[in-house]
Amino acid sequence: MEQTSTNKKGIRAKVQRFGSFLSGMIMPNIGAFIAWGIITALFIPDGFFPNEALEGLVGPMITYLLPLLIAFTGGRMVHGLRGGVVGATAAMGVIAGADIPMFLGAMVMGPLGGYLIKKVDEFLDGKVRSGFEMLVNNFSAGILAAILAIFALLGIGPVVVGFTNVLASGVEVLVNAGLLPLVSIFIEPGKILFLNNAINHGILTPLGADQTLQNGKSILYMLESNPGPGFGILLAYIFFGRGTAKQTAAGASVIHFFGGIHEIYFPYVLMKPVLIVAAIAGGASGIFTFNLFDVGLRAPASPGSIFAYFAMSPPGDYLGMVAGVLIATIVSFVVASIFLRTSKAGEDDLAGATAKMEEMKGKKSSVAGGLTAAEGTSAGASASDAPNEISKETIQKIIFACDAGMGSSAMGASLLKNKMKKAGLSFDVTNTAINQIPDDADLVITHKDLTERAMNKKPDAIHVSVENFLNSPKYDEIIEKLK
């Protein structure tokens, strides 16, 4: 049994790591997607301010800019700037050979280009005569990029186009048959397993962008990001929950609905796993309503906040969008309320559920961790003391690292900066993805489940493991050692 459990964890970790890699190519470029969505919303013939000249930005941005950014990011994740340059150049092959936005092709060629130039550099390491380094570096990258671009144009492009058409046809069949709401059966449990970014940005966003180019909007952007199902569950806890779960649900609902950080409601579902039925029911009813009103978003709603929904919805879709979110909220609230009212008495174990969520995700949840602070617990108390090597003489640059380098690590870095400012200290504190920890990092702070990966990436740095990015006593220990 123990071996089986270990295997399951290993498989889940591999799936999460792959999903994190996919979403890692998209998430850093969400700002570019939103910029394109704003330009589309404003200046196309059906936009707020139709403008034929400015409308000319729409096509080139989705055809060239966005796929090239994705490919560059994917290549850079594998082999730094050289990987990004080769990956983006290689992606031009699939872009030039297709009449649809080549997001999936870019997600293939970007990492492939980065991987191959990495292998070329490893092969040439130590074999180049002094004085010829720049010549060899530039021409090795250029020759490989040219070969990959041609290969992508003639070989990879047609395959990706065919695969994309199959996926698009499948989505169209589901929409026409009224079966699209059934995807909630997979999406809602997937979110609890921390596959939400992989599903939303790794799969739905590329397909949605293609639909947006054709129709000006896409319902695919709304399948995972709808804040209604989670909001309904949190409302049910506000009215029918008990103990700490009831006390914290109101604050969590604000973070979830307006802030768009959906993982805040995952522990509430894990306290009573049957509530996944409420999430599925809410998600399916919301998708059904969106489909009924024929609404969609112009660009990804990231994060999944109600504000982002209004910003990315065409003006004529506001009614259907609000109806879909409202229906999803009501349905999930009703179903969750039934389960909560008929459950056994006793205080809900929010801390235990949060720990279970983090074990399933394979990383710490910064926002959910803040909930357990209300109980007077310190999730970081069980971690080892900060290393004795920490001192103002040994530390110059402090890095917070997480999977994507955008969420929990950013919150942790901000918190430590504020504590240092109050203590009169001045150190370079930044956040990044584990795969992009800089070479000059002296102290790397990660969640305990990610520390091993961080140490493999930067073995010569001092590493500190925390249990909770928002509520760890390690920050005070580090500050005391740096004084």
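Is Glu188 buried or exposed? Let me start there. One caution first: this is a predicted model.

Glu188 is buried, because its relative accessibility is 1% and the cut-off for buried is under 20%. Where does Glu188 sit? In helix α7, which covers residues 184-192. Now the surroundings. Leave out residues up to four places away in sequence, and Glu188 touches Pro229, Tyr265, Ile276, Ala279, Ile280 and Gly283.

Next, Ser391. This residue is in a loop, between α16 (366-372) and β1 (397-402). Ser391 is also buried, because its relative accessible area is 17% and the limit is under 20%. Which residues does Ser391 touch, not counting residues up to four places away in sequence? Lys481 and Leu482. Take Lys481. Along the chain, Ser391 and Lys481 are 90 residues apart. Their C-alpha atoms are separated by 5.5 Å.

Now the empty space. Rolling a probe the size of a water molecule over the atoms shows where such space is left. How many cavities of 30 Å³ or more does a search of the whole structure find? Two.

Take the largest cavity. Its volume is about 60 Å³. What lines it? From the earlier part of the chain come Ile100, Pro101, Met102, Phe103 and Leu104. Then come Val160 and Thr164. Pro206, Leu207 and Asp210 complete the lining. Three elements give two or more residues each: α5 (103-124), α6 (133-176) and α8 (196-215). Which of the elements gives the most? α8, with three residues. By class, the lining of the largest cavity has eight nonpolar residues, one polar and one charged. Thr164 is the polar one, and Asp210 is the charged one.

On to the second largest cavity. About 40 Å³ of space lies inside. The lining consists of Ala168, Val171, Leu207, Asp210, Gln211 and Leu220. Here α6 and α8 each supply at least two residues. Again α8 gives the most, with three residues. The classes divide into four nonpolar, one polar and one charged.

Put the two linings side by side. Leu207 and Asp210 line the largest cavity. Leu207 and Asp210 also line the second largest cavity. For both cavities, α8 is the element that gives the most.

To recap, then. Glu188 in α7 is buried at 1%. Ser391, in its loop before β1, is buried at 17%. And the search finds two cavities of 30 Å³ or more.

Definitions and conventions. Residues numbered from 1 in each chain as written. Predicted model: local features only at pLDDT ≥ 70, side-chain atom pairs only at ≥ 80, totals over all residues. Heavy atoms only, no water. Helix = DSSP H or I, 4+ residues; strand = E, 2+ residues; numbered from the N terminus. Buried < 20%, exposed > 50% of the residue type's maximum accessible area, 1.4 Å probe, protein only. Contact = heavy atoms within 4.5 Å. 1 Å grid on protein atoms, 1.4 Å probe; cavity = no way out; pocket = protein on both sides within 12 Å on 5 of 7 lines; lining within 4 Å. Points joined across faces, edges and corners; volume = space filled by probe spheres on them.
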